[in-house]
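Biologist: I should like to request a close look at a single part of this structure. Please treat the matter in one connected account.

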Amino acid sequence: MTADNTALSTAAERALIEQYEAASTGDAVKLMREKAIAGFRSRGLPNRRVEEWKYTDLRRGMNEALPIAEMPAAAEAKAAVDTVAGFGDMAGARIVFVNGLYAPELSEISGVEGLTIRSLAATLAKSRPQGLGELAASLTDSALDLNTAFMRDGALIDVAAGAEIEKPVEILHVAAGEPAATYTRHVVRVGEGAKVCFSEVYSGKGHYQTNTAIEFSAAKGAEVSWIKLQNESREAQHLSTLLSRLDGEVGFDHFIFNSGAHLSRTQTFLRFDGEGSRAELRSAMLITEEQHCDVTLVVDHAVPNCESREFCKSVIDGAAKGVFQGRINVFPHAQKTDGRMVSQALFLSESVEMAYKPELEIFADDVQCAHGATSGQIDEDLLFYLRARGIPEAEARTLLVLAFLSEVIEEIGDEQVVETLEERTRTWLGY
Amino acid sequence: MALLEIKNLHTRIAEDGTEILRGVDLTVNAGEVHAIMGPNGSGKSTLSYVLAGKENYEVTEGEVLFNGENILEMGPDERAMAGMFLAFQYPIEIPGVATITFLKAALNSQRKARGLDELPTPDFMKLVREKAKQMNITSDMLKRPLNVGFSGGEKKRSEILQMALLEPTLCVLDETDSGLDIDALKVVSNGVNALRSPERAMIVITHYQRLLDHIVPDIVHVLSAGKIVKTGGPDLALELEKNGYADYIGEAA
Amino acid sequence: MPAVQETVDRVREIDVEQYKYGFVTNIESDKAPKGLNEDIIRFISAKKGELEWMLETRLDAYRRWLTMEEPDWARVSYPKIDFNDLYYYSAPKKSGYGLKGLDEVDPELLATYEKLGIPLREQEILAGVEPKNRVAVDAVFDSVSVITTFKEGLAKAGVIFCSISEALREHPDLVKKYLGSVVPISDNFYATLNSAVFSDGSFVYVPEGVRCPMELSTYFRINEQNTGQFERTLIVAEKGAYVSYLEGCTAPQRDESQLHAAVVELVAMEDAEIKYSTVQNWYPGDADGRGGIYNFVTKRGDCRGVRSKISWTQVETGSAITWKYPSCILRGDDSRGEFYSVAISNCHQQIDSGTKMIHLGKNTSSRIISKGISAGKSQNTYRGLVSAHRKASNARNFTQCDNLLIGQDCGAHTVPYIESKNASAVFEHEATTSKISDDQMFYCLQRGLSEEEAVALVVNGFVRDIIQQLPMEFAVESQKLISISLEGSVG
């Protein structure tokens with residue numbers, strides 16, 4: 001290869017190109033991968049000069065490209081999965097990825113009516129899976145390009161039209177063993193009028209890099225709820241991209257709980273393609289020490305009469321840095337759009353940092369759009385009030401943090417999930 | 001010639017096609033006060049909005065003659081110029097626009113339409129102060145943005161003040177008594193009664209009889225399921241107070 | 001909804017001919033040759049009789065500018081500007097440097113200002129108006145200041161108010177001390193260009209403890225074709241001083257676009273307060289987007305002293321392109337910055353404007369109220385930054401950005417950046433975008449107001465908080481201007 005590498009200025013960038021060239025496969029999506037790596041080659045890692053990544057500079061933050069991960073020995077894989085505290089036994093079906101590779105013996109993917117789960121790797125060996133790359137084609141983003149160029153495995157999930165899947169479908173990612181990089185890509189398609197709940201969990205030990213992407217589409221009248229739990233190791237890097245497209249009259253409820261990773265970026269792109277749909281995108285962020293956590297949302301109201309709510313709550317301690325970027329785009333003629341975005345941060349220590357960029361981009365006049373952002377510390381008056389009632393300070397602080405987060409967590413509705421998340425919050429606070 | 005003639009009026013909600021008025025006939029002569037009573041959802045407020053020209057309603061049949069002229073094709077401002085006034089059940093808030101500024105703008109555009117000169121500011125202020133006093137409206141309230149942060153009673157008094165100032169020939173009062181305590185009700189009623197005159201007619205829309213103790217109507221109508229199902233004298237209101245609307249709910253359907 | 005549609009149509013048809021400042025003054029002018037090079041800069045500097053250091057600063061800026069690229073991050077689009085196809089200096093022959101008084105000024109010029117409604121004769125102003133409402137005016141025509149009124153009266157109070165060219169000759173040390181200290185010469189592409197070729201603007205110096213006895217104002221007029229205007233203004237308020245300053249701008253109606261690249265620097269020392277108001281009414285271009293001023297402005301205030309305060313108020317109705325972010329650097333502890341803005345765009349106008357509040361000192365506070373109104377095919381963007389640095393304990397900001405849309409062919413955008421590096425900083429930000437509510441329109445119409453009157457009334461209510469920040473005389477003027485820019489025919 002004699003391609004132009006002038007845009008690549010860091011060792012990590014050059015190493016990624018070398019890895020790609022060394023591992024080059026001849027599978028069914030070879031062209032897609034070539035296009036993606038060319039895109040990466042021309043732009044390099046996202047950095048502060050790229051407006052969308054202004055506050056998360058990967059040229060600085062990602063200083064090495066770890067080797068691509070392999071499946072550990074069966075016993076080690078099982079042990080790693082067993083230690084993951086996801087949502088317990090709630091799941092009805094579960095697909096497990098260890099080091100980014102499908103672990104059939106640890107998964108439980110069959111037996112639920114209306115639900116089909118397949119491994120991406122197995123399919124790619126033969127043909128290009130339906131839907132793969134469709135939503136990704138609309139986005140220019142280096143993190144996604146790397147995912148496309150390197151994707152090794154993932155879940156292809158189809159929910160049949162009209163199916164009502166009672167128990168959550170869990171997609172579990174676990175990292176174990178030597179420092180390595182994983183690239184998972186999922187394609188999730190929910191049929192007309194179907195009802196389903198997903199839980200997406202990331203966990204692991206030690207030093208590793210996760211790059212995951214999901215292409216999600218919901219057909220007319222589908223009701224989907226989705227909980228993502230990002231609980232990577234504190235030494236890990238987590239980059240994730242959710243591309244979603246909603247047809248008409250869809251209800252989509254998405255929640256992210258971010259507490260892991262040294263550096264994380266969770267980017268969600270949502271497009272309303274049919275009228276009468278509603279989406280809620282909520283997230284809670286709990287970070288401390290030197291953690292850097294970036295939550296980025298872009299909501300495209302491409303058609304009239306849709307409603308979106310974006311709500312991000314961040315609790316920041318230590319010397320951590322939180323980033324919230326949210327953009328509501330209202331396309332021309334997308335009348336009667338109702339979009340609201342709120343981001344709030346609570347600072348628990350002196351040396352925290354937070355950056356917000358809540359944007360509205362509006363090209364239709366008959367709309368109601370708003371955003372609000374606030375940041376501050378725990379209200380001393382409230383703290384005093386609680387303590388005056390005999391509640392010790394640490395407990396009072398915990399109560400106030402939980403109260404702060406409750407607006408996004410309690411909306412989940414499922415009591416067991418809410419309790420699990422509140423328990424996590426308590427543990428995180430060391431209480 | 002009657003001041004207002006409503007003939008076989010049918011209307012529906014433009015957005016979803018729900019039928020509301022299903023053949024209303026009503027004639028109001030100058031000098032008369034008509035009360036329109038009826039259960040919730042009978043179409044009382046719709047009738048007031050249709051008379052004032054709100055766009056959310058579609059007239060599918062019938063006509064409305066005001067001073068002998070069909071007004072259904074006229075915009076709300078043209079109807080206002082022609083002498084129609086609607087006292088809103090829920091007066092609208094306009095932030096940043098002082099009540100006094102609004103009053104002046106409204107009065108002067110109506111004067112202009114009638115071929116009169118704009119009222120010089122001192123004369124205007126004198127006129128407003130005098131009328132405001134009758135309605136128990138302080139000059140402080142006049143300086144506040146229109147209806148913003150006004151109590152229920154203040155909003156209704158402000159509506160009647162506007163009515164007094166604009167001197168319409170037909171006043172439509174939509175549930176003017178809702179949200180008023182007895183003292184406020186008296187102030188508002190006195191304001192309305194002061195405007196009764198041989199040239200002016202009123203349509204008082206209300207759910208309860210108590211307003212009619214203060215504004216005594218000449219004629220009382222019962223509106224039910226989009227039609228006038230009974231017409232009588234003031235005693236009809238008393239009867240309704242005693243027996244409720246139950247007798248009439250079935251009748252129109 | 002036919003009623004609203006009617007308004008929209010009317011707004012769309014707006015007759016731009018009504019831009020009442022669109023006339024051209026026929027006057028002999030003294031121009032530098034077209035184009036930009038070091039000789040042109042020497043020519044400008046020589047014309048203004050500047051000292052060597054100023055020329056050197058200009059040349060330094062020019063050399064830096066050659067290495068810079070035009071910024072492209074703003075949401076505005078326009079054909080590439082050929083910076084060599086402009087005149088960088090144009091002055092009416094009988095004006096400026098060397099004139100003794102108003103009597104020596106070309107009568108054509110005086111007539112122009114009369115037509116614009118700008119009082120240049122002190123006695124006339126004195127005759128008609130209450131003394132407390134007196135306004136001192138610096139009138140800038142193309143590249144030069146024509147006259148500055150009430151100079152002597154102000155001098156008695158110790159206040160220096162003159163053109164920046166004169167200040168460079170008469171008070172060089174004072175100017176040298178502050179010029180470029182808020183906006184460094186290589187701050188950004190347009191500011192650097194301005195530093196190289198700036199023509200005229202005002203200089204205000206208010207000494208310690210002085211409350212400037214009258215409103216100061218500068219009136220900018222671009223007249224000559226293909227000429228860029230490069231305004232440079234510097235205002236310094238010493239310890240405990242106070243000054244309120246207002247600028248107004250107009251230009252003739254021409255088919256070609258013209259460039260206005262200004263730099264304004266404010267310095268407020270301990271306990272000082274500067275109130276800076278702008279009513280910007282440059283020619284906006286015609287209904288098809290031809291012509292109009294490209295307004296690229298760098299305005300920045302430095303709250304250098306403790307408890308100092310800088311307040312920006314702007315009413316932006318003109319220009320084809322507006323690129324403008326009046327900012328405050330809150331360096332002194334307990335200092336305060338304010339930004340109040342009304343930005344109205346119609347036809348093909350593009351506005352990308354907002355502010356930056358940089359909190360550096362302790363207990364600093366800032367307030368941003370921005371109201372955008374877009375109509376026609378215009379694009380209106382609020383872009384702002386609020387940041388608290390590590391040491392900015394207890395920084396406070398409140399931001400409110402509201403946008404009103406009239407018609408479905410325009411766009412309203414909000415791009416705020418909020419960065420906090422101090423845990424005790426409390427920031428609040430709110431933004432909304434909506435159209436005028438149908439209920440409000442119906443209510444107004446029911447009371448007999450016409451569509452146009454109703455829109456004007458609601459819009460004026462929407463921007464009222466901001467207009468109230470302006471000095472009385474200008475508030476009334478602005479209200480009229482807002483109605484005109486939106487309606488075309490509301491009287």
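Why does the radius of gyration of chain B, with 253 residues, agree or disagree with that of a compact globule? Please go on from there to strand E1 of chain B and its pairing with strand E2.

Modeller: The model is predicted, and what follows should be read accordingly. For 253 residues a compact globule would have a radius of gyration near 18 Å, and chain B has 18 Å, so the two agree. Along the principal axes, the C-alpha atoms of chain B fill a box of roughly 55 × 40 × 35 Å. Of its 253 residues, 43% count as buried. Among contacts in chain B with a separation of 6 or more, 73% join residues 24 or more positions apart. The chain comprises ten helices and twelve strands.

Strand E1(B) covers residues 4-13, and strand E2(B) covers residues 19-28. These two strands are antiparallel and are paired over seven bridges. Within this pairing, Leu9(B) has Val24(B) of E2(B) as its bridge partner. E1(B) and E2(B) form a hairpin with five residues between the strands. In that hairpin, Gly17(B) adopts a positive phi near 80°.

E1(B) is also joined to strand E4(B), residues 57-66, by eight bridges, and these strands likewise run antiparallel. Here Ile6(B) lies opposite Val64(B) of E4(B). Strand E1(B) is thus bridged both to E2(B) and to E4(B). As a general point, the side chains of a regular strand alternate between the two faces of the sheet.

Definitions and conventions
Residues numbered from 1 in each chain as written. Chains lettered and ligands numbered in written order. Predicted model: local features only at pLDDT ≥ 70, side-chain atom pairs only at ≥ 80, totals over all residues. Helix = DSSP H or I, 4+ residues; strand = E, 2+ residues; numbered from the N terminus. Rg over C-alpha atoms; globule rule 2.2 N^0.38 Å. Buried ≥ 20, exposed ≤ 12 C-beta atoms within 10 Å, placed from the backbone. Contact = placed C-beta atoms within 7 Å. Pairing = 2+ DSSP bridges.
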